[in-house]
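Thank you for making the time this morning. I would like to walk through one chain with you, going from its overall division to a few helix pairs and single residues.

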Amino acid sequence: MNQPVRPRLLLLAAAAASFLLSLIQSIPVPVLPQIAQQLGADATTVGWVSTATLLAASACTPLLGRLGHVLGIKPVFIGTLIATLAGSLLAATVHDIHWLIVARVLQGTSFGLFPLGMSLLRHELPPHKLTHNMAVVASTLGVGGGVALVASGLLTQGDADYRRIFWLCALVSAIALALALTLPRRAGGGGRVDVLGAIVLSAGLVSLLLPISQGHSWGWTSPRVLVLFAAAVIILVGFYFLQRRTAAPLVSVEMLRHRPILVANLAAMAVGFAMFALQLATSYFVQSPREYTGFGFSATVLETSLIFLLPGAAASVVMGPLAGALIGRVGPRVVLVLACGLAALGMASLALLHDNRGETIAAFVVASCAIAMAYAAMPALLVSHVQPAETGIANSVNSIMRTVGGTIGSALVITILAAQTRQVGAVSLPTEQAYELSYALGAAVFAIGGLLVLLFIDRAAKVPAAAAPAELAVTRA
């Protein structure tokens with residue numbers, strides 16, 4: 001006998017999980033120097049605190065999406081949250097950088113929660129509630145990233161113990177786990193898991209993300225960076241041909257080649273790129289000592305969090321439900337194009353107008369709201385072009401593309417800020433032109449993502465109804 005669906009709890013569980021993974025991804029970034037100082041580690045080693053999570057996410061996300069279909073979403077969802085909670089508790093209690101990196105690997109499994117949550121919503125909710133709820137859950141990805149930057153500033157002000165941020169992760173993990181236990185249990189679709197495909201894909205993604213995330217410290221033309229990039233190309237091409245020859249592939253090649261899916265994935269990469277470029281550049285820019293550089297606002301970490309970043313995070317919370325209503329009226333394609341256009345305008349404004357606090361905060365709020373809109377629109381756009389059984393893996397691939405884009409955006413901004421500096425006493429500080437270039441690149445990438453969606457996705461596509469029971473029976477057979 002099937003358990004009854006409680007839509008509000010379902011929405012809360014999926015939203016909490018999506019918020020959690022975004023929080024985990026972003027929260028250690030501003031405090032990496034404090035982690036290095038408090039653990040006595042060098043900057044290269046501490047960089048693995050972020051890199052390890054990205055690599056674990058790339059390895060686990062597609063596999064978890066497929067396992068959710070085969071075994072059922074609830075047990076995989078709960079198992080992933082348990083691993084995430086264990087990683088958060090470990091990170092909050094260890095006093096060794098290597099164990100912290102291990103903990104971050106466990107936390108990286110949380111990236112699989114978003115595609116699992118999207119599958120859950122599509123299979124459990126009636127058609128009239130699907131679009132709105134998917135938009136709310138997806139928009140929490142942008143909210144979580146903004147809240148992470150604010151929380152890290154508040155919790156670690158005055159050189160406080162960095163482990164506070166991971167206790168926050170543990171608390172949110174426990175809440176998400178408690179909500180997940182209320183989810184209805186449904187039998188999985190059965191079938192087999194393409195373990196070889198998962199291993200090959202993981203190897204290819206690790207080979208791609210590792211040099212991107214470490215290139216600024218290893219050197220972009222160093223032998224290991226070049227070898228890893230070459231290996232990534234070879235392995236990912238091999239994965240494509242392997243999936244074509246596999247009876248039950250991890251990822252359907254036909255789905256990947258379908259133009260709307262391909263374009264949606266490229267748009268996700270653009271959004272990930274520009275979001276991290278926006279948050280990273282703004283965090284550094286507002287803290288620039290104006291008396292020495294002639295720009296910036298000499299903000300403390302606490303001022304950066306409360307004055308410059310919090311308004312964008314707060315506005316994003318409101319934008320999720322509004323975006324859901326808009327998607328229901330005009331469709332996800334139009335909303336995604338609008339979001340990319342608004343975000344491009346916001347980042348262009350930051351590149352040109354950043355002399356006073358008001359215009360800087362206003363532009364950041366506009367770009368943050370646009371990012372929340374883009375996150376809300378992408379899952380709805382995906383599900384309008386895939387079968388219910390492919391919802392999990394389609395969102396998994398889309399999530400990976402956002403991760404790749406975000407990794408590239410972060411690495412490129414760091415490289416630009418490190419390459420264009422001026423000497424102020426014994427310290428090298430990024431120039432104003434470095435920040436302007438970072439914002440301009442983000443604006444250009446957003447604009448390109450919007451144009452791709454506008455030109456290459458059919459305007460007639462609509463968000464489909466949730467799968468009917470008979471349809472689910474077929475997909476699970």
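Before the first helix pair, a word on how I use angles: axes are lines fitted to C-alpha atoms, for helices over the stretch in contact, and the angles run from 0 to 180 degrees between N-to-C directions. Please also keep in mind throughout that what you see is a predicted model.

With that in hand, take helix H5, residues 73–93, and helix H9, residues 163–180, which pack with their axes 8 Å apart and at an angle of about 160°. Angles over 145 degrees count as roughly antiparallel, and H5 is therefore roughly antiparallel to H9. As for handedness, the crossing of H5 and H9 is left-handed. On the H5 side the contact includes Lys-74, Phe-77, Ile-78, Leu-81, Ile-82 and Leu-85, and among the H9 residues that they meet are Arg-163, Phe-166, Trp-167, Ala-170, Ser-173 and Leu-177. If we sort the residues of this contact between H5 and H9 by class, we find 16 nonpolar, four polar and two charged.

Let me stay with one residue of that contact, Leu-177, which lies in helix H9. Is Leu-177 buried or exposed? Its relative accessible area is 16%, and since buried means under 20%, Leu-177 counts as buried. Leaving aside the neighbours within four places in sequence, Leu-177 is in contact with Ile-78, Leu-81, Ile-82 and Leu-85, and each of these four residues is also listed on the H5 side of the helix contact. For a sense of distance, Leu-177 and Pro-115 are 62 residues apart in sequence, and their C-alpha atoms are 16 Å apart in space.

Stepping back to the whole chain, the division is into domain 1, covering 1–182, domain 2, covering 195–249, and domain 3, covering 252–457. Taken over C-alpha atoms, the centres of domain 1 and domain 2 are separated by 24 Å. The contact between these two domains draws 10 residues from domain 1 and 10 residues from domain 2.

Early in the chain we come to Ser-26, placed in helix H1, which spans residues 7–26. Ser-26 is buried, with a relative accessible area of 2%. Which residues does Ser-26 touch, if we do not count those up to four places away in sequence? They are Gly-145, Ala-148, Leu-149, Phe-276 and Gln-279.

The second helix pair is H13, residues 259–286, with H16, residues 332–352, whose axes come within 12 Å and cross at roughly 30°. Because angles under 35 degrees count as roughly parallel, H13 is described as roughly parallel to H16. H13 passes H16 in a left-handed crossing, and the contact is made by Ala-267, Ala-274, Ala-277, Leu-278 and Thr-282 of H13 together with Leu-336, Met-347 and Leu-350 of H16. By class, the residues of this contact between H13 and H16 divide into seven nonpolar, one polar and no charged.

Two residues from that contact appear again around Ala-367, a residue found in helix H17: not counting residues up to four places away in sequence, Ala-367 touches Leu-278 and Met-347, along with Ala-343 and Gly-346. Ala-367 is buried, with a relative accessible area of 0%. The C-alpha atom of Ala-367 is separated by 28 Å from that of Glu-291, which is 76 residues away along the chain.

Helix H17 itself, residues 357–383, brings us to the third pair, since its axis and that of helix H18, residues 391–419, come within 10 Å and cross at roughly 140°. H17 and H18 are therefore oblique to each other, and their crossing is right-handed. Tyr-375, Met-378, Pro-379, Leu-382 and Val-383 of H17 make the contact with Thr-391, Ala-394, Asn-395, Asn-398 and Arg-402 of H18. The contact of H17 with H18 has six nonpolar, three polar and one charged residues.

I will end on a point of backbone geometry. Ser-298 is found in the loop between helix H14, 290–293, and helix H15, 301–330, and its phi is near 50°, a positive value in a residue other than glycine. With a relative accessible area of 31%, Ser-298 is partly exposed.

Technical notes
Residues are numbered from 1 along each chain as its sequence is written. This is a predicted model: local features need pLDDT of at least 70, side-chain atom pairs count only at pLDDT 80 or more; totals for chains, interfaces and linings use all residues. Side-chain values use heavy atoms; hydrogens and water are left out. Buried means under 20% relative accessible area, exposed over 50%, partly exposed in between (1.4 Å probe, protein chains only). Contact means heavy atoms within 4.5 Å. Angles under 35 degrees count as roughly parallel, over 145 as roughly antiparallel, 65 to 115 as roughly perpendicular and the rest as oblique. A crossing is left-handed if the near helix is turned anticlockwise from the far one by less than a right angle, and right-handed if clockwise. Ala, Val, Leu, Ile, Met, Phe, Trp, Tyr, Cys and Pro count as nonpolar, Asp, Glu, Lys and Arg as charged, and the others, Gly among them, as polar. Domain bounds come from an automatic or database domain assignment.
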